[in-house]
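Student: I've just opened this one and I'm new to it. Could you walk me through a few spots?

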Amino acid sequence: MKNRLWPALNLESITECTGGITVKRSRWLRLLTLVTIMTVFLAACGGGGNSNNQGSNSSGNANTNTNSGATGDAGKDKVTLTMIVSGNRAADGEDFELDILPRMVNEKFPHITLEVQKLPDDQYETNIMTKLAAGEAPDIFRIWPRMASMGVIATAKAGYLADLTDLPFQQYISQGAREDMSYDGKIYGITKGIDMLGVYYNKSLFEQVGINELPRDWEAFLAASQKLKDAGITPIVMGDKDSWWIQFGMYQIVANTLYAEDKDFDLKLQNGEAEFTDPRWVEAIAKYYDLYQKGYMASNTLALSGSQAIQMFIDGQAAMVITGTWDLPPLMNEGAAQFERGFFPLPGNDPGEPVWQAVATAAGWGVSADSKHLDVVKEVLNYWFDPSSDLFAKWVEYNPSISAFEGVPLTNEIFKDAYEQYLATGNSIYFANQMWPSGVADEMQAKFGEMIGGRNVTAEDVAAAMQKKFNELWK
Amino acid sequence: MKKTLYWFALPALLLYSVFWIYPILTLFGYSVTDYNGLVKQYNFVGLDNFRQIFDDGIAASSITTTLIYMFVFALCTNLISLGLAFLLNMKIRATGIYRTIAYIPALFSPIVVGYIWSYVFMPGSGLIATVISWFGMDGNSFNVLGNYNYALYGVISVDVWKHIGTTTVIFLAGLQTIPKELLEAGEIDGANAWQKTRYIRLPLLATSITINLTLSVINGLKAFEYPFIMTNGGPGRSTSTLVVDIFRTAFTEMQYGKAAALAVVSFVIIIVLTALLVFRLNKKEVSA
Amino acid sequence: MTDNRFLRSLPRHLFIIAILAINLLPLVIAFSSSFRSIRNMTNPLNLFSEFTLESYKAAFTRMQFPAALMNSLMMTVVAVVAVVLITAMASYPIARIDSKFSKFLYIFFLSGLVIPSQMIIIPIVKTMQGLDITSAQLRPIIMFITCSIPFSSFLYTGFIKNSVPVEVEESAVIDGAGLLRRFWQIVFPLLIPVTTAVVITQGVWIWNDFFYPMVFISKQDEFPLPLAMLGFLGDQTNPTAWNVLFAASILTSLPLLVIFGFLQKFFIAGLTVGAVKG
């Protein structure tokens, strides 16, 4: 008996011949092959051709206005500059880097076209490292200060950044900001501005439980949190699932327990004269953990992402959230509750001592050392960062960070007190991870996460793990 | 068959060797250097990287996590899909529609899927927590992604969810080509539904099972997107699978050489496990 | 009679519906959120609390949807067609010839499955650069094809070996047909079911892949859909506009759904082709 089984996906079966395949099929096949080959050729050769004719489109793409302005500078060759940055595109309204910058650059220099690409942080790192390794760096790209991942130091050391020390506008940038973007005495990057870490709080809830004065030391902070807890309000919410959030509280506390006494700690660390297991570091870790132990933190912060935590805050479900000036935009969104927001630095200090803040240079831009249009890039930068230019004014308007340029006024009222305190007292330190090789902060986050997760990890264990990682990475 | 037939394989072979195999060999080359992903010059360091990944436990922890992931993932995906395929196979009219619906999750990007599921797992107001509170239990204490012991399973469940569609489709195809005559012959012999399944359907499904099992084992061992997007390897390192750790070591810690060493180790493990599995399954297939 | 059958199949139907509902529920969340205004971030679990096309409009314009759609279509079609052609061809000798070399080829191709692309992206980019391939869009296409080879050759080899017996070609041999003709005119048309499977499985991941395009393409005009969508993801400065992202995802998946629905018929048709004749 013959088994008649159907030809099918990967089954042992015996096919009854279906030899009557028609001529039609093979003709169709030949046509398909032809079409494919044509398309491949078009893609390969005409790759440039397709895209140039996309014409105008509503999101203000850079390519559109090149033709109209060309007559003005008839003598100059057309140049296209590429720029890749991290971040995301503003959902509505114009995005400074993606829309305004290319447009205004093109208006001022009609022969220059600036193409900007913006990628989320994780993808950005992979992307830029791959491009640098392949020798295909964009002309301008995002750079972080000091030793953060893709920081100035590592990138300049490897020879990928162009020296920007002689550019005229550098004199208007504050010294700290310039130093943070330097390596070996030369400036290699321009920062977006200054970011501060602090605590955003719900003014209504604070009033409701009778906290009339903002806490200026650790005891007062614990007391305020206790008041909230007793009234049945969740004092603090954090998005620890995004493990980098763990840094936000930690660095402010350690600024008070350690850096207030020893600003050069990290230099000593690099020289081998100090270690993370220093009791003042352990104290900082223990203090931060205390907030979790005393129940001042929302339950299960490890399961909340940063944006979920922020959402809970603006919905009025928690009185405080610890993050930085960069998170202002989502925090100002309207949530389920209506209230006024405030901002104060987390006081990790003992009563009677001054509050030290964590204030640091933000990420910014660097220029590729191998750029084929170095002079043109410098021209653009000189225009952008010239404090009297219109592009500069626009930049300040759209910049969420506090400007590092001297004399530029603060745009956001909410940061006024903290900022003035910073300017007046100078009691501040950068975000600790900027002086560590990239990866140490990650280790701290992982270990501290284990601590919050109830895994029998002590503050000393966290410090020891950080030191071990540091030893491994510091070369 | 003439040997000239081998020329047919030339285009594929060329493309594959240049753009896949050659880079892999280069990667192995990096594993004995201290390349950090950026510098233009780097040095040969022998087996230092390998020693280090075993020393500081990163190899051990990521291998364990990955093996658990693979096992649970492969088991759940195949069992659920097999069951679903049997159900859908029972001559119900809307099978086509059901099949399309089952396939839809596969069409969405991991980023979107990861985000949505983090709302499903969110304590307090998340989807599951809300359902729990309907039954009178405390929604706030429901914590999967933030919990050391459960986070991995939470992430795996998302991966399973995404893959049910494709796996079921393959099983269905296999089921639908089982000849009716064989089943009828079984019925004549007095077999009931369960016996028909065990002795007729399952053996004839052998190839589909092999494919699906092999695929899910390999995908489990390569797991990256969901642990990365949903928990970034955390809490702590509880969801850090091999590829997550390799990615972090290479791009965050800028230790490309060390990451390459870890990649070599994971490559060996994946190949060995897959080969073992395929050989065993092939033997079973032949006997079935 | 009909009553009985209906009642009997009812629990099965319900059970399946229950499972599929669970399957789809998370996506329903995305669906309902896509109809909200851009900044409305209150609990997404309040399904369908708002209805506006604002997010869709934002997604459509910001992504430059028509251009991105064309790019996606072009890249996916080229890649998939190429995959089908070269892999089917490559699997033919492996399936037909029984020698150590063919076994080696089989394993050689298959083993490529075990390496994730993130690990070797830097060497890949260096190779591309060394070969001086200028078109930005061609590079991800090459990678799409390369990465599809392992699984596709696996499918094709298995199918040809098991379901296309040599006898089928014998009539052509007698006619004196050359190898190429034997393959393209006789064997290839029989491969419809497995070709459909390859098209569906590879087409979906290629369409949705953002990794290779992200690494190789920098001009916005050349972005395929997933890469265009990536711009909506947030970071620490700007919150992710999730509603817009969902709208974008749904827009991106729609063509796939349409094509999948259409191809389903081929799939079934392919499965039953033999049945009619047999």
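Student: Where is N212(B) found?
Tutor: Keep in mind that this is a predicted model. Look along chain B to residues 206–221, which make up a helix. N212(B) sits in that stretch, so defined as a DSSP run, and the helix is α10 of chain B.

Student: Is N212(B) buried or exposed?
Tutor: Buried means under 20% relative accessible area. N212(B) has 4% relative accessibility, so N212(B) counts as buried.

Student: And which residues is N212(B) in contact with, leaving aside neighbours within four places in sequence?
Tutor: Here we skip the close sequence neighbours and look at what else N212(B) meets. The partners are N78(B), T167(B), I170(B) and F171(B).

Student: Let's try helix α2 of chain B. Why are its buried residues on the same side?
Tutor: In α2(B), residues 48–55, the buried ones are N49(B), F50(B) and I53(B). An α-helix has 3.6 residues a turn, so residues three or four places apart point the same way. The buried residues of α2(B) are on the same side because they cover an arc of only 100 degrees around the axis.

Student: Which exposed residues does the face of α2(B) turned away from the buried side carry?
Tutor: Flip to the face opposite N49(B), F50(B) and I53(B), the buried residues. That face carries R51(B) and D55(B).

Student: What phi does G57(B) take?
Tutor: G57(B) comes just after α2(B). Its phi is positive, at about 80 degrees.

Student: Is F71(B) buried or exposed?
Tutor: F71(B) lies in helix α3 of chain B, residues 58–89. Exposed means over 50% relative accessible area. F71(B) has 53%, so it is exposed.

Student: How much accessible area does the nonpolar patch with F71(B) have together?
Tutor: F71(B) shares this surface patch with L75(B), L79(B) and I80(B). Together they have about 410 Å².

Student: Which residues have the most contacts inside the largest nonpolar core?
Tutor: That core has 344 residues, and helix α3 of chain C (residues 65–96) gives the most to it, with 19 residues. W281(A) touches F265(A), F276(A) and M466(A), among others. The residues with the most contacts inside the core are W281(A) and W436(A).

Student: How many helices and strands does chain C have?
Tutor: Read from the N terminus on, the elements of chain C run α-α-α-α-α-α-α-α-α-α-α-α. Of its 278 residues, 64% count as buried. The tally for chain C is 12 helices and zero strands.

Key:
Residues are numbered from 1 along each chain as its sequence is written. Chains are lettered from A and ligands numbered from 1 in the order in which they are written. This is a predicted model: local features need pLDDT of at least 70, side-chain atom pairs count only at pLDDT 80 or more; totals for chains, interfaces and linings use all residues. Side-chain values use heavy atoms; hydrogens and water are left out. Buried means under 20% relative accessible area, exposed over 50%, partly exposed in between (1.4 Å probe, protein chains only). Helices (H or I, at least four residues) and strands (E, at least two) are DSSP runs, numbered from the N terminus. The arc is that of the directions from the helix axis to the C-beta atoms. A nonpolar core is a set of buried Ala, Val, Leu, Ile, Met, Phe, Trp, Tyr and Cys residues joined through side-chain atoms within 4.5 Å. Contact means heavy atoms within 4.5 Å. Patches are made of residues with over 30% relative accessible area and no salt bridge: like charges are joined within 9 Å, nonpolar side chains (Val, Leu, Ile, Met, Phe, Trp, Tyr) within 5 Å. Accessible areas come from the Shrake-Rupley method with a 1.4 Å probe; for residues, only the protein chains shown count as cover. A salt bridge is a side-chain nitrogen of Lys or Arg within 4 Å of a carboxyl oxygen of Asp or Glu.
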